Structure formats: structure tokens, C-alpha cells
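Trainee: I would like to learn how to read backbone angles, sheets and pockets in a model. Could we go through them in turn, with the general idea and then the case at hand?

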Amino acid sequence: QVQLVESGGGLVQPGGSLRLSCAASGSIFNVYAMAWYRQPPGKQRELVARIISGGSTNYADSVKGRFTISRDNAKNTVYLQMNSLKPEDTAVYYCNLKQGGQNSGINYWGKGTLVTVSS
């Protein structure tokens, strides 16, 4: 079993920055990727950023150039640096860990942290 705990959310003004953290604990092995998803109010959950075990990253078009995903393997922690925040970034942000391979395995989810971008 894997447990994921997000932190770092809060209220920021447009143009501001936040850094989210996700700490993983438990039976952490055979990790294919870790990722950040978000769910805006009234909308479906969407992929924001992903970092694969080898270090490759992927970003949603809406956040490219503004968000950066990184990891600290020694700390079993993944981060999401969010800059130039926009009101449309308002969402609950969820940490995800995929255990196994690209097309198989188990996904674990955190409970989420709320990011509100408003003036």
C-alpha cells in the first residue's frame, strides 16, 4: 500500500506562485511515474504534469511554461512549482503515483489540496 499526502495549497492572487508538495509513504517500489492532476469546480479531473521514473516530464498545454514538476527520490516527494497563476488554475490538486508499467499497474491518489486563484 502507498499513501500520498499533498500540501501547499491556498489562496493566491493572479500572477502569484505556489509550490505543492506530495509526500509518499508505505510500500514504495516499482514506481513508473508520479503526477499531478487537478479538478476545477464543476469539471472533470485532468492531468497537469507527470514525471516518469527515468526523469522525463509531460505537461498539459494549459500550464506549459508556467508549472514545473520535480522530485526528490531520497525524500519520496514530488513537487509542483506553479508560477504566473491564473483564475482558471483554481482547482483541487491531486497527487498520483503509478506503480508498475506504463500500461499496467496500480494508481494511488492523495486526498487533494485546494488552490484558489482570485483577486
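Mentor: Let us begin with one residue, keeping in mind that this is a predicted model: Ser84 is partly exposed, with a relative accessible area of 42%, and its place is in the loop between β8 (77-82) and β9 (91-101).

Trainee: Why is Ser84 called partly exposed and not exposed?

Mentor: The word exposed is kept for a relative accessible area over 50%, and buried for one under 20%; Ser84, at 42%, is therefore partly exposed.

Trainee: What is the phi of Ser84 near, and how should I read such a value?

Mentor: As a general idea, most residues other than glycine have a negative phi. In this structure, the phi of Ser84 is near 50 degrees, which is a positive value in a residue that is not glycine.

Trainee: Where does Asn30 lie, and is Asn30 buried or exposed?

Mentor: Asn30 lies in the loop between β3 (18-26) and β4, and Asn30 is exposed, because its relative accessible area is 56% and the cut-off for that word is over 50%. Asn30 also has a positive phi, near 50 degrees, although it is a residue other than glycine.

Trainee: Turning to the strands, in what order do they stand in the open sheet of four strands?

Mentor: The order of this open sheet is β1-β3-β8-β7, and the pairing is antiparallel. Its edge strands are β1 (2-7) and β7, each of which pairs on one side only, and the twist from one strand to the next averages 15 degrees.

Trainee: How many bridges join β7 to β8, and which residue is the bridge partner of Ile69?

Mentor: These two strands run antiparallel and are joined by six bridges; Ile69 has Leu80, in β8, as its bridge partner.

Trainee: How is empty space found, and what lines the largest pocket?

Mentor: In general, rolling a probe the size of a water molecule over the atoms shows where empty space is left. Here the largest pocket holds about 180 Å³ of space, and its lining consists of 13 residues, with Val31, Met34, Arg71, Asn73 and Asn76 lying nearest the centre. The elements that give two or more residues to this lining are β4 (31-39) and β7 (67-72), and the largest share, three residues, comes from β4.

Trainee: How many residues of that lining are nonpolar, polar and charged?

Mentor: The lining of the largest pocket divides into seven nonpolar residues, four polar ones and two charged ones.

Technical notes. Residues are numbered from 1 along each chain as its sequence is written. This is a predicted model: local features need pLDDT of at least 70, side-chain atom pairs count only at pLDDT 80 or more; totals for chains, interfaces and linings use all residues. Side-chain values use heavy atoms; hydrogens and water are left out. On a 1 Å grid over the protein atoms alone, a cavity is a set of points where a 1.4 Å probe fits but cannot get out, and a pocket is an open set with protein on both sides within 12 Å along at least five of seven lines; lining residues have an atom within 4 Å of a point. Grid points are joined across faces, edges and corners, and a volume is the space filled by probe spheres set on the points. Ala, Val, Leu, Ile, Met, Phe, Trp, Tyr, Cys and Pro count as nonpolar, Asp, Glu, Lys and Arg as charged, and the others, Gly among them, as polar. Buried means under 20% relative accessible area, exposed over 50%, partly exposed in between (1.4 Å probe, protein chains only). Two strands pair if DSSP finds at least two bridges between them. Axes are lines fitted to C-alpha atoms, for helices over the stretch in contact, and angles run from 0 to 180 degrees between N-to-C directions.
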